[in-house]
Amino acid sequence: MRSLRIPSRTKVVAAAAAMAVAAGLVSAIGTAPAGAAPSCPGAAPARLVGSIPGAALEGLTVDASGRLYTTDLISGRVFRLSRLGAPAVPIARVPDGGAGALAWTPDGTLLVGYGADPRVIAGDVLRHASIGRLDVGTRAFRPWVSGLSAANGMDVSARGNVYATNDFGNLIGRVAPGGSVNAAWGSLPSANGAVLGRDDNWLYVSRTFVNPGVSRISTTNPRTVQSLLSVGAASTPDGLTLDSRDRPIVPFNATGEIVRISSPGRLCVLASGLPTSSVVSYGRGTQGFSAGRLFRAGFDGRIYEIPGGFDRGATAAFPAR
């Protein structure tokens, strides 16, 4: 996802793209220009439900009680909103760089990726990024593993394997439940965001700067990569999620659209007019940011509900959901 304020990041996009090279077995399935996509049935204007002035929001998830969590690249803080419209309360701060992706472990611990700062323009060279463990009850944060090239996107399987992506590099890391880090588990240029399908057989990622679009990667053989969508370079797909039918929901950071991929190469627009959108997630639980409701966070520090994305069976990513 992101590591600097927007003007600074756009100046280094070209350099980052030059560092990313092709890797793995890629099966291109379709190309669809976002500007030509129709509106999805039921598409409606987004509704503002939260704001953190001065923040550049990167990670987004919801717990079983319907409380929303998000991260700030600028301050490195993790925020919690207890209900729609509630003030954002900082509950933790990462020890190094900006705070990135969020993901739940099988035991309910919130993982926080960090190290999101100007070092990411080195791609996979430094491997400076880390993941920490946050107890959302006590607010106790402790570093867990390091040695990743980034943690811009992150998800956890039912077995406790953690997947982490880097939009300014090629490497996709995997961390075993015991903390063993394989920083080069997979390779896909500019992979961004990360969400596992419901059987954990596929890891879905956006491709932000290099060959922009959306892919899914086999978790049993990461050399098997399928492209589900290719779009124009100006779209910059960012942190995605899945609906109840494992259809990717993707924010287009530059063009301000939230889209749904209905089948390979085919998409429709759920909402528009939301530039700098960095990540989307469904809610969870029966109250607050509840299951079935789709939410967006962005570098503008704002959180919106996307009514057109409502899906009663969809929920925020968590292991064995």
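Across the whole structure, a search identifies 2 cavities of 30 Å³ or more. The model examined is a predicted one. The two cavities are described in turn below.

The largest cavity encloses about 210 Å³ of space. Its lining is formed by 22 residues, and those lying nearest the centre of the cavity are L60, L102, M154, A194 and L240. Several strands contribute to this lining: β3 (57-62), β7 (98-104), β11 (154-156), β15 (191-196) and β23 (277-282) each provide at least two residues. The greatest contribution to the lining of the largest cavity comes from β7, which supplies 4 residues. In terms of residue character, the lining of the largest cavity consists of 14 nonpolar, 7 polar and 1 charged residues.

The second largest cavity has a volume of about 50 Å³. Residues G100, G113, Y114, G115, A116, V120 and H128 take part in lining the second largest cavity, together with A129, S149, A150, A151 and N152. Strand β8, which spans residues 110-116, gives the most to this lining, with 4 residues. The lining of the second largest cavity divides into 6 nonpolar and 6 polar residues, and no charged residue is present.

Taken together, the linings of the two cavities can be set side by side. For the largest cavity, the lining includes 1 charged residue, whereas that of the second largest cavity has none. Strand β7 is the leading contributor to the lining of the largest cavity, and strand β8 holds that position for the second largest cavity.

Definitions and conventions. Residues numbered from 1 in each chain as written. Predicted model: local features only at pLDDT ≥ 70, side-chain atom pairs only at ≥ 80, totals over all residues. Heavy atoms only, no water. 1 Å grid on protein atoms, 1.4 Å probe; cavity = no way out; pocket = protein on both sides within 12 Å on 5 of 7 lines; lining within 4 Å. Points joined across faces, edges and corners; volume = space filled by probe spheres on them. Nonpolar A, V, L, I, M, F, W, Y, C, P; charged D, E, K, R; others polar.
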